[in-house]
Amino acid sequence: MNNRANIYDPIPVKIVEGHGCWVTDITGRAYLDCLAGYSAVSHGHCHPKLVKAAIAQMNRLCLTSRAFDSPLLYAWEDKMCKTFDGKMILPMNSGAEGVETAIKIARKWGMVKKGVTDGTQKIIVCDGNFHGRTTTIISFSSNTNYRSGFGPLTPGFLTVPYGDHNAFCRALRYNSGVVAFLVEPLQGEGGMNVPPDDYFTEVRNICDENDVLLILDEVQTGLGRTGYVLGEEAYGIKADLTILGKALGGGIVPISCVLDRRGTIMDVLGPGDHGSTWGGNPLACAVSMVALDVLREENLVMNSKAMGSYLLAELKEMGLNARGRGLMIGIETPLGTSRDYCLKLKDQGILVKDSHGVVRVTPPLIITLHEIGLLLEAIRNVFK
Ligand code: PLP
């Protein structure tokens, strides 16, 4: 009997085990996982150090709730702020919760520090965005399927084209009460869209000139995915609020957060303004801290950059229309739907997923040159 809500149309493979870049299905067939849990499994499946840390913490303490304090949360906050140059931090669980939290912070900051009347705060977002699936977040999605049937939608959002800083500037000129710009350093779900090189430098300046917060959603781009610790580094800028998630839990536990990079934004929140039963739980903190260590010890950021550059160059060499940065790559499909290509790649032993007209390739950041070779061979067979 199938009791499942019908919200996904998965690639037909039933996975029972995973180690490193490889997963095994119920028949015992091995596949190279080049989706990596939508970029959450950057460290590879069941990384031994992460599993060990999780088991050790599970035997000690898993959940306190924020009604009480835990020294592990202080340690995690400290490590996170040092690693990502943050001044204040707020832990949550999913990426969407991180985004929701950033929206609340920006709105309250706008009222308290910028003097915008409560209820009139506006946040500018981009066409083709993907920030999650909650009611407020889908309210500003440009994908009608994501919104349709879920009204009434949350007001207070303006959409501008991605990669066009002049359009962003114009939106600010013609609208009052704008408190923040929420944007991805590289659009993932929207089709692996890379903005022009100077886009974020311009955006940063425009935000500064207009006293508007720059909120970078690094839920997917963060932690080495684009070949940089944070996606913002590719543009030489620093966000005001940074949202992290996915790989932050090492592919083992859900954990997300909002980082205040200035230290004068998140302080608008007081007790009772926000919360989460599981946010910042000891188990997630323990695993997440080891995930940061592994990222550094195993040079995952450098590997992402090196493997990603090689893969992208080889794909272009094959004549394919491919784009991305680091190990966040999209390949346009010349004939048929991108799902058809994903199904054929599955038959070749490669797991990937389609998103908005591209085959999305986001393998674990531990992927080796040999495994990239296997991926390229399969792509050559399917795209020929
Ligand atoms: N933000 C970005 C950029 C994402 O890619 C995603 C998920 O794909 C999210 C937010 C939502 O994260 P979650 O699925 O953990 O809620």
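**Exercise 1. How much area does the chain expose, and what share of it do carbon and sulfur atoms supply?**

This is a predicted model: local features need pLDDT of at least 70, side-chain atom pairs count only at pLDDT 80 or more, and totals for chains, interfaces and linings use all residues. Residues are numbered from 1 along each chain as its sequence is written, and side-chain values use heavy atoms, leaving out hydrogens and water.

Step 1. Compute accessible area by the Shrake-Rupley method with a 1.4 Å probe; for residues, only the protein chains shown count as cover.
Step 2. The chain exposes about 16800 Å². Carbon and sulfur atoms supply 53% of that area.
Step 3. Turn to burial, meaning under 20% relative accessible area (1.4 Å probe, protein chains only). Of the 384 residues, 53% count as buried.

**Exercise 2. Describe the surroundings of the ligand.**

Step 1. Collect residues with a heavy atom within 4 Å of the ligand. Among them are Ser94, Phe130, His131, Glu184, Asp217 and Lys246.
Step 2. Sort the shell by class. It holds three nonpolar, five polar and three charged residues. Here Ala, Val, Leu, Ile, Met, Phe, Trp, Tyr, Cys and Pro are nonpolar, Asp, Glu, Lys and Arg charged, and the others, Gly among them, polar.
Step 3. List polar contacts (N or O atom pairs within 3.5 Å). A backbone N or O atom of glycine 95 lies 2.8 Å from a ligand oxygen. For a polar backbone atom of alanine 96, the distance to a ligand oxygen is 2.8 Å. A side-chain N or O atom of glutamine 220 sits 3.3 Å from a ligand oxygen.
Step 4. Check coverage. On its own the ligand has 390 Å² of accessible area, and the protein covers 80% of it.

How values were computed
Polar contact = N/O pair within 3.5 Å; in protein donor to acceptor, adjacent residues only side chain to side chain. Buried < 20%, exposed > 50% of the residue type's maximum accessible area, 1.4 Å probe, protein only.
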